[in-house]
Amino acid sequence: MSIMDDLSGKGYPVSSTYLELWARLRDEMFLTLNRPEEMAFHAGFEGQRALRTWKDRVQRLANLGFIGLKPGPLGDLSYAVFYNPYHVVKRAYLKGQFQERKWQALVIRANEVGAFDLDDLDDDGNLIPEADEEEVKPAANPFQPKPPPATKPKGRRPPRTKKITRQG
């Protein structure tokens, strides 16, 4: 979140807006922005300019590449699709857009929580295709760690797997 705020420019923090929107997401990583006043309030914006400030932060998130926006019945900010924030941040790091110490802290924290999404991009910011993948799979939840590689069960009983869910 600190990196997001650094990328958005001094005086224009976007992390509280992103977190509020992200908390409303489901597995498809697509969100209808049909309650903008409520979303603005929960993102921490109050008063006469709350909605305008919230819309500005949403647009900044889109300009930074964290989300994509599509127009619809609610105007230009009707729908949002969320991209993998690790990928967005790594591309910004490769361009030298924020401090090295924040990058190192992110890498360490990602490893601690088992998020290996940073390894999905090469040193030019391009997505690395998996070698054994012949068809394109839908994007996984960017906040859920990748499962370990499948192993053959030993004996009669298959290995137990733990389902990871996002608490909202």
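**Entry 1. The hairpin**

Through how many residues does a hairpin join β2 to β3? I looked this up first and found that the hairpin runs through two residues. I note at the outset that the model is predicted. Strand β2 covers residues 67-72, and strand β3 covers residues 75-82. I recorded five bridges between β2 and β3, which pair in the antiparallel sense. In this pairing G72 stands opposite G75 in β3.

**Entry 2. The chain as a whole**

I then turned to the secondary structure of the protein chain, which comes to six helices and three strands. Read from the N terminus, the elements follow the order α-α-β-α-α-β-β-α-α. The protein chain has 168 residues, and 33% of them count as buried. I also looked up contacts between residues at least 6 apart in sequence; 53% of these join residues at least 24 apart.

**Entry 3. The sheet**

In which order do the three strands stand in the sheet? I found an open sheet with the order β1-β3-β2 and antiparallel pairing. Strands β1 and β2 stand at the edges with a single partner strand each, so one side of each has no neighbour in the sheet. On average, neighbouring strands are turned by 30 degrees against each other, direction ignored.

I next followed β1, which consists of residues 30-32. Its antiparallel pairing with β3 extends over three bridges. Two positions fix the register for me: L31 stands opposite A80 in β3, and T32 stands opposite Y79 in β3. Helix α4 packs on this sheet and touches β2 and β3. The direction of α4 makes about 120 degrees with that of β2.

**Entry 4. The nonpolar core**

I looked up the largest nonpolar core and found 36 residues in it. Those with the most contacts inside this core are L21, L33, W54, I67 and F82. At least two residues each come from α1, α2, α3, α4, β2, β3, α5 and α6. Which element gives the most to this core? It is α4, with five residues. As background, I note that nonpolar side chains tend to be buried together in soluble globular proteins.

I examined L21 separately, leaving aside its neighbours within four places in sequence. L21 is in contact with L31, L33, M39, W54, V58, L61 and F82. Three of the residues with the most contacts in the core, L33, W54 and F82, are thus on the contact list of L21.

**Entry 5. W22**

Is W22 buried or exposed? W22 lies in helix α2. I found a relative accessibility of 18% for W22, and W22 therefore counts as buried, the cut-off being under 20%. I also compared the positions of W22 and F82: they are 60 residues apart in sequence, with 8.2 Å between them in space, C-alpha to C-alpha.

**Entry 6. Helices α5 and α6**

My last entry concerns helix α5, residues 85-94, and helix α6, residues 100-112. These helices pack at an angle of about 150 degrees, and their axes are 11 Å apart. The crossing of α5 past α6 is left-handed. On the α5 side I listed Y86, V89, K90 and Y93, which meet E100, W103, L106 and A110 in α6. The residues of this contact divide into six nonpolar, no polar and two charged.

Methods: Residues numbered from 1 in each chain as written. Predicted model: local features only at pLDDT ≥ 70, side-chain atom pairs only at ≥ 80, totals over all residues. Heavy atoms only, no water. Axes fitted to C-alpha atoms, helices over the stretch in contact; angles between N-to-C directions. Helix = DSSP H or I, 4+ residues; strand = E, 2+ residues; numbered from the N terminus. Left-handed = near helix turned anticlockwise from the far one by under 90°. Contact = heavy atoms within 4.5 Å. Nonpolar A, V, L, I, M, F, W, Y, C, P; charged D, E, K, R; others polar. Pairing = 2+ DSSP bridges. Core = buried A, V, L, I, M, F, W, Y, C linked by side-chain atoms within 4.5 Å. Buried < 20%, exposed > 50% of the residue type's maximum accessible area, 1.4 Å probe, protein only.
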